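Here is a set of short exercises to work through with the model open beside you. Try each task before reading its solution.

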Amino acid sequence: MDSSVTREPAPLRVDLHAHTRFSPDAAMSPRELVDRALDAGVDRIAVTDHGEIEGALEARAYAPAHVIVGEEIRCEGKTELIGLFLTERIPQGLPIEGTVERIRAQGGLVYAPHPYAYARRPRWHAERSLAVADIVEVFNSRAFYPPWNRRALEAARARSLVAAASTDSHFGHELGRAYTEVPAFDGAAGLLRALARGTPVGIATASPFIHVASISLKAARLLVAPGRYAPDRERPPTTIEPLGAD
Ligand SMILES: [Zn+2]
């Protein structure tokens with residue numbers, strides 16, 4: 001038998017949650033993020049800066065075949081969602097329904113990051129994000145308290161939602177600590193189908209001190225360049241047209 005006829009393409013390792021220095025608390029340039037991800041054996045990396053897609057667009061221009069453009073969005077009430085396969089930045093602080101509507105209008109997927117982390121976040125954030133999610137982050141390498149990831153996995157199973165493991169990398173050494181192994185895929189719908197057949201792999205979680213490093217970086221940058229990472233209310237008005245009546 002000719003094995004080349006039946007052989008499936010090699011599986012891919014995808015990390016759906018990582019930050020560049022376009023996030024105030026992360027260190028890598030978009031190119032460095034891509035290079036470090038590939039070095040760590042990650043084939044597809046979603047660049048998901050806080051409230052920003054500029055770094056993701058830069059990363060995709062550098063390595064179009066390897067990058068998914070995303071954004072980690074803080075919705076009204078501080079519930080966090082990630083939009084994947086975005087073409088335009090989505091403002092922060094919108095009602096969760098309006099945020100989801102904008103992600104879907106761009107053909108994107110809604111990813112619920114670390115739904116049960118951290119201790120300071122009330123549990124209802126998880127309910128809100130899981131109710132609208134296409135994909136649940138069942139392992140986040142920065143969620144250092146094991147029950148947070150365990151609860152996310154249980155919730156994904158209970159709701160029959162598609163699961164992914166991601167690093168939430170803010171620094172280069174974090175890449176490769178988690179990924180989901182999936183069959184080869186193309187585009188948003190293809191990723192969703194691939195994840196349904198995929199295997200989330202969590203290699204390691206960070207020490208809690210990784211958050212101290214991020215917070216220190218953010219504080220230093222705010223001192224040096226307070227306007228560079230201005231919150232939405234201090235930005236120029238967004239060019240995105242409002243959708244519907246939200
Ligand atoms: Zn993140």
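Two strands count as paired if DSSP finds at least two bridges between them. Keep that cut-off at hand, and remember that the model is a predicted one.

**Exercise 1. Find which strands flank β6, and say how covered β6 is.**

Step 1. Start with β7, residues 162–166: five bridges join this strand to β6, and the two run parallel. Five bridges satisfy the cut-off of at least two, so β6 and β7 are paired. For a landmark, look at E137, which stands opposite A164 in β7.

Step 2. Turn to β5, residues 109–112, which is joined to β6 by two bridges, again in parallel. Here Y111 faces I135 of β6.

Step 3. Trace the chain from β6 through helix α6 (residues 146–158) to β7; together they form a right-handed β-α-β unit.

Step 4. Check the cover: β6 spans residues 135–140, and six of its six residues are buried.

**Exercise 2. Place these strands in the whole sheet and name its edge strands.**

Step 1. Begin with the inventory: the protein has eight helices and nine strands.

Step 2. Read the strand order, β7-β6-β5-β4-β3-β2-β1-β8-β9, in an open sheet of nine strands with mixed pairing.

Step 3. The edges are β7 and β9 (199–202), each of which pairs on one side only. From one strand to the next, the twist averages 30°.

Step 4. Look inside the sheet at β2 (residues 44–50) and β3 (residues 67–74), which pair in the parallel sense over six bridges. One of the bridge partners to find is E72 in β3, matched with H50.

**Exercise 3. Describe how α2 packs on the sheet and on α3.**

Step 1. On the sheet, α2 touches β1 (12–18), β2 and β3, and the direction of α2 makes about 145° with that of β2.

Step 2. For a helix pair, two values are wanted: the angle between the axes and the distance between them. Helix α2 (residues 30–39) and helix α3 (residues 54–62) pack at about 55°, with their axes 8 Å apart. That angle makes α2 oblique to α3, and α2 passes α3 in a right-handed crossing.

Step 3. Pick out the residues that meet: P30, R31, L33 and V34 from α2, with G55, E58, A59 and Y62 from α3.

Step 4. Now see what is covered: P30, L33, V34, R36 and A37 are buried in α2. The buried residues of this helix pack against β1, β2, α3 and β3. Just after α2, G41 has a positive phi of about 90°.

**Exercise 4. Is T199 buried, exposed or partly exposed, and which residues are its contacts?**

Step 1. Locate T199 in strand β9.

Step 2. Count neighbours: T199 has 13 C-beta neighbours inside 10 Å, so T199 counts as partly exposed.

Step 3. Leaving aside neighbours within four places in sequence, T199 is in contact with T180 and E181. A165 is 34 residues from T199 in sequence, and their C-alpha atoms are 8.5 Å apart.

**Exercise 5. What share of the protein is buried, and what share of its contacts join residues at least 24 apart?**

Step 1. Of the 246 residues, 44% count as buried.

Step 2. Take the contacts between residues at least 6 apart in sequence: 60% of them join residues at least 24 apart.

Definitions and conventions. Residues numbered from 1 in each chain as written. Predicted model: local features only at pLDDT ≥ 70, side-chain atom pairs only at ≥ 80, totals over all residues. Buried ≥ 20, exposed ≤ 12 C-beta atoms within 10 Å, placed from the backbone. Helix = DSSP H or I, 4+ residues; strand = E, 2+ residues; numbered from the N terminus. Right-handed = clockwise from strand over helix to strand, strands pointing away. Contact = placed C-beta atoms within 7 Å. Axes fitted to C-alpha atoms, helices over the stretch in contact; angles between N-to-C directions. Parallel < 35°, antiparallel > 145°, perpendicular 65-115°, else oblique. Left-handed = near helix turned anticlockwise from the far one by under 90°.
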